[in-house]
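Please open the model in your viewer and keep the sequence panel beside it, since the tour moves from one selection to the next.

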Amino acid sequence: MAVSVGLFFTPTAAILAQEHPEHPKSKSEHLQKGAEAKQVSTAEISTGIKKHIENETKKSSDGKFHTKYEGKDLALDLIKVHDDRLSSLGGSKYFTCVDMQSTDGTTYDIDFFMAGAPADMKVTDTSVHKVNGKPLYNWKEEGGVWKKVPI
């Protein structure tokens, strides 16, 4: 339990999950009874990330979602939520990735980690995973723990 709590507070660090070559994947099959009060559906995870992006877009003066990449502020529009990549990681933590596009036409695949109840998920970490389909890092599972590894 102490390790799980420590991992939760380590930015862009390890994520407990099954093996998956591109993104962390659900470990829901490995959750013990009582580990999560309610199993969260992928539809709820999808709604959570869409709500986050919508709220951030409404806050911005240009109507775009903003994130940092290589010291630059990216102004982006949502293209697609990868519903096939949505994962409940256990302990009220979730993973998803989305495709977004900048005004110059560049497509960014962005990984999001969220935590909290389905109706009140908060994004805890965001990172640009791919630029125009080219990965910047991969995920590697080491002893049941997921870590980002450079390409």
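Which residue in E7 does Asp111 stand opposite? Select Asp111 and then Ser127 of E7, for Ser127 is the residue that stands opposite Asp111; bear in mind throughout that this is a predicted model.

Widen the selection next to strand E6, residues 107-115, together with strand E7, residues 122-131, and you will have two strands that run antiparallel and are joined by eight bridges. Follow the chain between E6 and E7, where six residues complete a hairpin, and pause at Gly116 in the turn, which has a positive phi of about 120°.

Now keep E6 and add strand E5, residues 93-102, which pairs with E6 in the antiparallel sense over nine bridges. One place to look is Lys93, whose bridge partner in E6 is Ala115. Here too the two strands form a hairpin, with four residues between E5 and E6, and Gly105 in the turn has a positive phi of about 95°.

With E6 still selected, display the surrounding residues: eight of the nine residues of E6 are buried, so this strand is largely enclosed by the rest of the structure.

Finally, move to Lys80, which is found in strand E3, residues 72-81. Lys80 is partly exposed, with a relative accessible area of 43%, and, leaving aside residues up to four places away in sequence, Lys80 touches Val98 and Asp99. If you then select Lys50, 30 residues apart from Lys80 along the chain, the C-alpha atoms of the two lysines are separated by 9.6 Å.

How values were computed: Residues numbered from 1 in each chain as written. Predicted model: local features only at pLDDT ≥ 70, side-chain atom pairs only at ≥ 80, totals over all residues. Heavy atoms only, no water. Buried < 20%, exposed > 50% of the residue type's maximum accessible area, 1.4 Å probe, protein only. Contact = heavy atoms within 4.5 Å. Pairing = 2+ DSSP bridges.
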